[in-house]
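Open the structure in your viewer and keep the selection box at hand. We will go from stop to stop, and at each one you select something and look.

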Amino acid sequence: MFGFFKKIKNKITEINSDLGIDERNQELFAVSALFDTPDDIIKAAKTLSSSGFKKYDIHTPYPVHGMDDPMKLKPSKLGFFTFFFGSLGTLTAIAMIFYMAGFDYKNIIGGKPFFSLPPSIPVTFELTILLAGAFTVFLVLILFNKLPLNNNPLLDTEYMKRVSSDKFGAIVEADDELFNKDEIIRLFKSLGSSEVNLIYKFKHNELTTERPIFDFKFITLLFLLALITAAVTYFSLNKLIYLPPFNWMSEQFKVKPQTQSTFFEDGYSMRNPIEGSIPRNELPYEYRGLPDSLVKYMSNPLPVSKEVFEKGKTMYDIYCSPCHGYYGKGDSRLNGQFPNPPSLHTDRARLMKDAAIYHIITTGQNIMPAYDKQIPQLNRWAIVHYIRALQRSQNANDGDMNK
Ligand code: HEC
């Protein structure tokens, strides 16, 4: 495994030296110095800036706090750019929504104005953040870090390896006005540098373009890579998973709803259940469509217990209380939007058999809708128990007091 990587590395070195990429010429780029501690490097930065050097730089393996002052760094201008692009995002979003919602595609939503600020805030906020964030990153890379650039003479030096691992480094570039090689070497030594080196420019800085990253061949390679990646992704997501044996259940014989079928004579793929089928866990209701006088032989199958009572209350509160009120007094919350139902405390309702109430819940009564689809059988019986308790609570007699 490692042998393989070593072979590749050797090959790259071979190609590079053939092209002369690694070779450096005699033109000095900078003097570099390594220091051992953060204190040393802060002292070095202080000395360099107060000696009047302009083209110097400090490299540390991690951000060293308090470096701005000794280097006399001004506050970054990046914030202004971020603010500018953030505002651009805000304005773009508002203008976009204003035009789309107000003119291009007017949509009446609950009688609200076509354009208004509150519903536009999320999109505006997001576009603000998006433009501010994305452009800040690009600006940092392009304007401040001067990327893409892969031939900075500092790259591929022992100096860079050390300052990105465990040393603190300072360089003074050769095109600084005050540059004097021997003096700077002496200065670094007097500051306690453990190692001072000369860094020369790459030969290919003049040989090829200044930014080899824009080299035609390189761009072509990138483009080809993108093309291949896209093709492989397309193939694996759209073709490969539908090939046996990966197609698993996605490709099987089936009929989809609302489609035609050549199998059945009438051409419909959707079939009615065979006559006489009954749903699972649910017996067909045998008194459907009959008057409630006929249902008196049914009795409540549930015992009177705390659980049943609780279930009944929950179900009643959900399904019945919107119309009948929490206590069955007919004081509907839907007041005025639906005819108020009668009280459940009338003599008529109190003298009803359990079965009759069950019948009304199951099949409805006049304008009251049926609830058999929403409420399972036993829960309907639980409601009946709860209604009985409600009725008793409103019409208690002396006998109830003793229980
Ligand atoms: C959408 C409103 C609405 C809901 C919800 C509703 N009801 Fe009714 N209910 C009515 C109306 C209106 C009547 C009167 C029907 C009529 O004119 O016969 C009624 C009548 C009744 C009656 C007969 C009363 C009588 O004196 O004839 C009972 C019992 C009853 N409801 C129980 C329930 C139960 C139990 C629930 C919950 C599962 C429920 N209702 C849910 C509107 C509703």
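Begin with β2 and β3, which pair in the antiparallel sense over 4 bridges. Keep in mind that this is a predicted model. Now pick out Ile-58 and look across to β3: Ala-170 stands opposite. In general, strands of a sheet pair through backbone hydrogen bonds, either parallel or antiparallel.

**Stop 1: the sheet**

Stay on β3, residues 168-173. How many of its residues are buried? The count is 5 of 6, so β3 is mostly covered.

Next, select β1, residues 24-35. β1 runs antiparallel to β3, and 6 bridges join the two strands. Walk along these partners in β3:

- Ala-30 has Glu-173 as its bridge partner.
- Val-31 stands opposite Val-172.
- Ala-33 is matched with Ala-170.

Ala-170 should look familiar: Ile-58 stands opposite this residue too.

Now add β4, residues 195-202. β1 and β4 pair in the antiparallel sense over 7 bridges. Select Ala-30 again, and you will find Ile-199 of β4 opposite.

Show the 4 strands together. In what order do they lie? They form an open sheet in the order β2-β3-β1-β4, with antiparallel pairing. β2 (56-59) and β4 are the edge strands, and each pairs on one side only. Turn the view to follow the twist, which averages 30° from one strand to the next.

**Stop 2: helices on the sheet**

Select α7, residues 181-190. This helix packs on the sheet and touches β1, β3 and β4. Its direction makes about 20° with that of β1.

Then select α2, residues 38-50. α2 lies across β1, β2 and β3. It runs at about 20° to β3.

**Stop 3: a bent helix**

Move on to α5, residues 117-144. Where does this helix bend? Look at Val-123, where the bend is about 30°.

Now colour the buried residues of α5: Leu-127, Thr-128, Leu-131 and Ala-132. An α-helix has 3.6 residues a turn, so residues three or four places apart point the same way. Show α4 (78-104) as well, since what covers these buried residues includes that helix. Just after α5, click on Lys-146, which takes a positive phi of about 55°.

**Stop 4: around the ligand**

Centre the view on the ligand. There are 23 residues around it. Coming nearest are Cys-320, Cys-323, Pro-341, Asn-366 and Met-368.

Which helix gives the most to this shell? Select α10 (306-324), which supplies 5 residues. α11 (347-351), α12 (354-363) and α13 (377-394) each supply at least two. Colour the shell by residue type: 18 residues are nonpolar, 4 are polar and 1 is charged.

**Stop 5: a loop residue**

Finish at Ala-370, in the loop between α12 and α13. Is this residue buried or exposed, or in between? Ala-370 has 15 other C-beta atoms within 10 Å, and being buried takes 20 or more while being exposed takes 12 or fewer, so Ala-370 is partly exposed.

Leave out residues up to four places away in sequence, and Ala-370 touches Thr-362, Thr-363 and Gly-364. Last, draw a distance line from Ala-370 to His-385. They are 15 residues apart in sequence and 18 Å apart in space, C-alpha to C-alpha.

Methods
Residues are numbered from 1 along each chain as its sequence is written. This is a predicted model: local features need pLDDT of at least 70, side-chain atom pairs count only at pLDDT 80 or more; totals for chains, interfaces and linings use all residues. The bend at a residue is the angle between axes fitted to the seven residues ending there and the seven starting there. Two residues are in contact if their C-beta atoms, placed from the backbone, lie within 7 Å. Two strands pair if DSSP finds at least two bridges between them. Axes are lines fitted to C-alpha atoms, for helices over the stretch in contact, and angles run from 0 to 180 degrees between N-to-C directions. A residue is near a molecule or strand if its C-beta atom, placed from the backbone, lies within 6 Å of it. Ala, Val, Leu, Ile, Met, Phe, Trp, Tyr, Cys and Pro count as nonpolar, Asp, Glu, Lys and Arg as charged, and the others, Gly among them, as polar.
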